[in-house]
Amino acid sequence: MRRALVGLVVLGAVGCGRTMSEGDCQEVAAHMKTVWEAEAKKAAPSEGPVAEKAAAVVRAEGERLVGDWTTECKKELAGRRIDAAELRCLLGADTVQEINKCAEL
């Protein structure tokens, strides 16, 4: 799943519409983190020692996902033209699956 999300980095490289800023990269990263945490909360066990370990793993994976996105976005997309519809899609997605579908636009 993480690989698919990081793969979104290439989706705007040849797009048109507006220029991707570092602020846009950070906004998408923050939204991805929110979506990730909401989905993880639904899927994680709620009680016991397994719940604590699962929460730690999920939190670490989410941080890695956001960090990877931010790094790649700033490196590959910041300052380049992107399709505004893709950015709206990323920021409007309510699930990880919807975020992945944004790459299909």
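Is Cys25 buried or exposed? Cys25 is buried, with a relative accessible area of 0%. The views below start from this residue. They show a predicted model.

**View 1. A disulfide joins Cys25 to Cys73.** The two sulfur atoms lie 2.0 Å apart. Cys25 sits in helix H2, which covers residues 22-43, and Cys73 sits in helix H3. The partners are 48 residues apart, so the bond links distant parts of the chain. About the S-S bond the angle is -75 degrees, and the link is left-handed. Cys73, like its partner, is buried: its relative accessible area is 0%, and that of Cys25 is 0%.

**View 2. Cys89 and Cys102 form a disulfide.** Here again the sulfur atoms are 2.0 Å apart. Cys89 belongs to helix H4 (residues 84-92) and Cys102 to helix H5 (residues 96-102), so the bond ties together parts that are 13 residues apart in sequence. The angle about this S-S bond is -85 degrees, which makes the link of Cys89 and Cys102 left-handed. How exposed is each partner? Cys89 is partly exposed, at a relative accessible area of 24%. Cys102 is buried, at 0%. The count of disulfides comes to two. With the bonded cysteines numbered in sequence order, the pairing reads 1-2, 3-4.

**View 3. Helix H3 runs from residue 48 to residue 77.** What span should its 30 residues have? At 1.5 Å a residue, the expected span is 44 Å. The C-alpha atoms at the two ends are 42 Å apart, which agrees. Several residues of H3 are buried. Ala51 and Gly62 are among them. So are Leu65, Val66, Trp69 and Thr70. Cys73 and Leu77 complete the list. Just after the helix comes Gly79, with a positive phi of about 90 degrees.

**View 4. Helices H2 and H3 cross at roughly 160 degrees.** Their axes come within 9 Å. Are the two helices roughly parallel or roughly antiparallel? An angle over 145 degrees counts as roughly antiparallel, and H2 and H3 are therefore roughly antiparallel to each other. Their crossing is right-handed. The disulfide of Cys25 and Cys73 has one end in H2 and the other in H3.

**View 5. The largest nonpolar core holds 19 residues.** Which members touch the most others? They are Met20, Val28, Trp69, Cys73, Leu90 and Ile99. Helices H2, H3, H4 and H5 each supply at least two residues of this core. H2 gives the most, with six residues. Two of the members named here, Trp69 and Cys73, also appear among the buried residues of H3. Cys73 is thus a meeting point of two views: a core member and a partner of Cys25 in a disulfide.

**View 6. Ser21 lies in the loop between strand E1 and helix H2.** Strand E1 covers 17-19. Ser21 counts as partly exposed, at 32% relative accessibility. How far is Ser21 from Cys73, in sequence and in space? The two are 52 residues apart in sequence. In space, their C-alpha atoms are 9.1 Å apart. Cys73 itself is buried, whereas Ser21 is partly exposed.

How values were computed:
Residues numbered from 1 in each chain as written. Predicted model: local features only at pLDDT ≥ 70, side-chain atom pairs only at ≥ 80, totals over all residues. Heavy atoms only, no water. Helix = DSSP H or I, 4+ residues; strand = E, 2+ residues; numbered from the N terminus. Expected span 1.5 Å × (residues − 1). Buried < 20%, exposed > 50% of the residue type's maximum accessible area, 1.4 Å probe, protein only. Disulfide = S-S within 2.5 Å. Core = buried A, V, L, I, M, F, W, Y, C linked by side-chain atoms within 4.5 Å. Axes fitted to C-alpha atoms, helices over the stretch in contact; angles between N-to-C directions. Parallel < 35°, antiparallel > 145°, perpendicular 65-115°, else oblique. Left-handed = near helix turned anticlockwise from the far one by under 90°.
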